[in-house]
Amino acid sequence: MPELPEVETVRRGLASSVLGQAITAVEATGRRSVRRHVDPSELGVAVTGRVIVRADRLGKYLLLGLDDETTVVVHLRMSGQLLIAASADAARRAHTHVVLDLHDGRQLRFVDPRTFGEVFAVAPGTPRSSIGGLGSLGPDALAVDRRAFATAVRRRRLGLKMLIMDQRIVAGVGNIYSDEILHRARLRWDRPGSDISAVAAGRLHEALVTVLEEAIEHRGSSLADEQYVDVDGRPGAFQHLHRVHARAGQSCHRCGRPIERAKVGGRSTYFCRRCQV
Ligand SMILES: [Zn+2]
């Protein structure tokens, strides 16, 4: 599932190639992808003729700003991809659910085999607090204040992994990067937030920012069973630099002990028993 580094890589791809482009037509064939609209045609009505002027991101949400202050929100969820096609004739991938025609002949295509992802337009002036999912988001993980983060984590009894994956506390971290961040911070996934010192919380914040920035530098992680690619269809490379995630049984780069896996709520958590306390 794409997390902050993957979404940021997509955002950068959009920022460098579609700003200034007018949207000339919209095809929304995947009803589930545009489920926030009562009628799929509403998306086209809201964005056709408008120019893309900004490509922003908040947590795992992509926010394309248009020239009339409409925002096109894209969430990739499990398997969504946002691809730039060179022309309308370029071969379409299966599960292409939404297509935006751009003024220069290219297309922005939303592909999503598992259909958990979504694309929707938000009218100018709509307060963020009223938009489901976006309204409850905490600060972006790359912008969260260190003190505020430490306080939020240390106030709660939940395990650290659950806490840093809670989008209300910090937006952008999911299953992969929570493992990597906790290993970097030398903290166990199930250690209660209320149990860690201010120094450890500071270390956790530093690991949060460092891991996410490194992952962005390597254009995100593409796992064997997942779907993440950038706007040009290229996979990321950070998976080769994972220290714990999906490395059960392989040796910890820090201490040499085998990485362990714990199953929590149907998801795998990877950690080093010796390095993380
Ligand atoms: Zn270790």
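**Packing, cores and the zinc site**

The buried residues of H5 pack against helix H1 (4-15), H4, H6 and E10. The model is predicted. H5 is mostly covered, with 11 of its 11 residues buried. Among them are Asn175, Ser178, Asp179, Glu180, His183 and Arg184. The buried set also includes Ile176, Tyr177, Ile181, Leu182 and Ala185. Arg186 follows H5 and has a positive phi, near 60 degrees.

The chain as a whole comprises six helices and 10 strands. Its radius of gyration is 20 Å, close to the 19 Å that the globule rule gives for 277 residues, so the chain is as compact as a globular protein of that length. Along the principal axes, the C-alpha atoms fill a box of roughly 55 × 35 × 30 Å. Of the 277 residues, 54% are buried. The accessible surface comes to about 12,200 Å². Carbon and sulfur atoms hold 50% of that surface. Among contacts with a separation of 6 or more, 64% join residues 24 or more positions apart.

Nonpolar cores were examined next. In soluble globular proteins, nonpolar side chains tend to be buried together. The largest nonpolar core in the chain has 34 residues. Tyr177, Ile181, Leu204 and Leu208 have the most contacts inside this core. Two or more residues come from each of helix H3 (146-154), helix H4 (160-165), helix H5 (175-185) and helix H6 (198-217). H6 gives the most to this core, with nine residues. Apart from this core lies another, of 27 residues. Leu43, Val47, Leu62 and Val74 are among the residues of that other core.

Leu204 shows the packing of the largest core in detail. Neighbours within four places in sequence are left aside here. Leu204 is then in contact with Phe149, Val153, Leu160 and Ile164, among others. Its contacts also include Ile181, Leu182, Ala185 and Leu187. Ile181, like Leu204, is listed with the residues that have the most contacts inside the core.

The loop between H4 and H5 contains Asp166. Asp166 counts as buried, because its relative accessibility is 16%, and the cut-off is under 20%. Asp166 and Gly138 are 28 residues apart in sequence. In space, their C-alpha atoms are 8.7 Å apart.

The zinc ion has four cysteine ligands. Cys252, Cys255, Cys272 and Cys275 coordinate the zinc ion through their SG atoms, at 2.2 to 2.4 Å. Angles among the four donor atoms run from 96 to 115 degrees, and the site is tetrahedral. The ideal angle for four tetrahedral donors is 109.5 degrees. The donor residues are spaced C-x2-C-x16-C-x2-C in sequence. The pair Cys255 and Cys272 links distant parts of the chain, 17 residues apart. Cys255 lies in the loop between H6 and strand E9 (260-264). Cys272 lies in the segment after strand E10 (267-271). Cover differs between these two donor residues: Cys255 is partly exposed, with a relative accessible area of 25%, whereas Cys272 is buried, at 0% relative accessibility.

The loop between H6 and E9 also holds Ala246. Phi of Ala246 is near 60 degrees, a positive value in a residue other than glycine. Ala246 counts as partly exposed, at 44% relative accessibility.

Thr115 likewise is a residue other than glycine with a positive phi, near 60 degrees. Thr115 sits in the loop between strand E7 (107-111) and strand E8 (118-122). With a relative accessible area of 19%, Thr115 is buried, because buried means under 20%.

Ser33 occupies another loop, between strand E1 (23-28) and helix H2 (41-47). Ser33 is buried, with a relative accessible area of 0%. Residues up to four places away in sequence are again not counted. On this basis, Ser33 touches His97, Val98, Phe110, Gly117, Glu118 and Val119. Of these, Phe110 falls in strand E7 (107-111), and Glu118 and Val119 fall in strand E8 (118-122).

Technical notes:
Residues numbered from 1 in each chain as written. Predicted model: local features only at pLDDT ≥ 70, side-chain atom pairs only at ≥ 80, totals over all residues. Heavy atoms only, no water. Helix = DSSP H or I, 4+ residues; strand = E, 2+ residues; numbered from the N terminus. Buried < 20%, exposed > 50% of the residue type's maximum accessible area, 1.4 Å probe, protein only. Contact = heavy atoms within 4.5 Å. Core = buried A, V, L, I, M, F, W, Y, C linked by side-chain atoms within 4.5 Å. Donors = N, O, S within 2.8 Å, 3.2 Å for Na, K, Ca; no water. Tetrahedral: all angles 85-135°; square planar, octahedral: opposite > 155°, others 65-115°. Rg over C-alpha atoms; globule rule 2.2 N^0.38 Å. Areas by Shrake-Rupley, 256 points an atom, 1.4 Å probe, with all protein chains shown as cover.
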